[in-house]
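I opened my notebook to look up how a few pieces of this chain sit together. Come along and check each entry against the picture.

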Amino acid sequence: MATFPGWVIGADSDPPPGSVSGAPSDLLLVDHQLFPAAGRRYLRQVMRPNDAEGVEALAQVSLEFDPDTEQLAVHSVRVWRDGAATERASDGAFSLVGHGTGPERRPGSAQLPLDDLRPGDLVDVAYTRTARHPHPDGHFDCTVPIAPQIPVARWSASIIARDGTALRWRGEPDPGDPVTHPVKDGWTLHRWSRDGVPATETEPNVPGWYPQPGSLQISDFTSWSEVVDRAREVWGDPQPPAGLREIARQILSETQNGDATARADRALAFVRDEIRPTAAGGD
């Protein structure tokens with residue numbers, strides 16, 4: 001089990017009380033903290049089962065990550081009962097579970113069963129995922145969920161960036177402007193927070209790895225050309241296969257009027273109808 005990172009704020013704070021919704025379980029706290037320069041994403045969640053169904057749903061902690069590209073550090077799995085916390089995590093307590101191979105592969109998970117969980121207990125989980133190979137140029141783009149499928153009593157997200165970084169963000173629902181304050185020489189913390197975040201309605205039968213509506217997108221890129229340049233630095237500038245070039249020529253010939261919207265619609269239709277979706281890990 002790993003100690004809490006020094007850059008994380010409020011790791012030892014008591015969980016908020018939150019009102020009982022009448023649902024099988026309540027999500028009292030979601031706290032995302034990001035340190036892109038180090039490739040680190042910290043998350044703390046506090047959940048409360050309200051009945052037997054909620055106990056069954058929360059009786060196993062499952063932390064998804066991609067062992068090929070990330071390192072997982074579990075800081076704490078506490079169960080709060082009558083105001084007192086009991087630590088349930090320890091070295092070797094988690095089991096690692098894979099999720100398929102080849103095109104069906106999804107990120108794996110670290111799992112920990114919670115014995116003797118009762119309605120009204122609080123399950124308080126904190127962990128960090130660290131990218132094995134953060135990008136050396138310092139640029140970043142992050143997506144943070146705002147509203148999951150159940151309401152959140154208190155939601156927050158923060159990011160530590162170098163002073164002078166021109167952050168750009170947008171969210172749905174709109175999280176507003178962040179509160180900023182310096183955390184150490186040359187670095188500033190930007191923090192968004194909301195209380196009483198309603199649940200987000202999601203489309204049925206969508207794979208769990210697919211990003212659903214209700215998220216905050218943060219980046220320091222100033223233009224799409226910068227995004228393209230970075231992708232070329234990482235992946236090179238490979239030429240598309242001959243078959244794909246032929247498809248592009250067909251789309252151009254069928255949209256001779258130069259209508260960019262029509263070309264985009266045709267390309268989207270090709271991807272939708274002809275490309276088989278596969279599960280992909282990471283953020």
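Which order do the strands of the open sheet have? I noted first that I am working with a predicted model. In it I found an open sheet of 3 strands, in the order S9-S14-S11, and the pairing is antiparallel.

Next I looked up the edges. They are strand S9 (141–145) and strand S11 (168–172), each of which pairs on one side only. I also wrote down the turn between neighbouring strands of this sheet: 10° on average, direction ignored.

Then I followed one pair. S9 runs antiparallel to strand S14 (residues 215–219), and 5 bridges join the two. As a spot to find by eye, I marked Pro 145, which stands opposite Ser 215 in S14.

My second entry is about two helices. How do the axes of helix H3 (residues 242–254) and helix H4 (residues 260–274) cross? They come within 9 Å and cross at roughly 140°. Angles over 145 degrees would count as roughly antiparallel, so I put H3 and H4 down as oblique to each other. I added that their crossing is right-handed.

Which residues make the contact? From H3 I listed Leu 244, Ile 247, Ile 251, Leu 252 and Glu 254. From H4 I listed Arg 263, Arg 266, Ala 267 and Phe 270. Sorting them by class, I got 6 nonpolar, no polar and 3 charged residues for the contact of H3 with H4.

Definitions and conventions: Residues numbered from 1 in each chain as written. Predicted model: local features only at pLDDT ≥ 70, side-chain atom pairs only at ≥ 80, totals over all residues. Heavy atoms only, no water. Axes fitted to C-alpha atoms, helices over the stretch in contact; angles between N-to-C directions. Helix = DSSP H or I, 4+ residues; strand = E, 2+ residues; numbered from the N terminus. Parallel < 35°, antiparallel > 145°, perpendicular 65-115°, else oblique. Left-handed = near helix turned anticlockwise from the far one by under 90°. Contact = heavy atoms within 4.5 Å. Nonpolar A, V, L, I, M, F, W, Y, C, P; charged D, E, K, R; others polar. Pairing = 2+ DSSP bridges.
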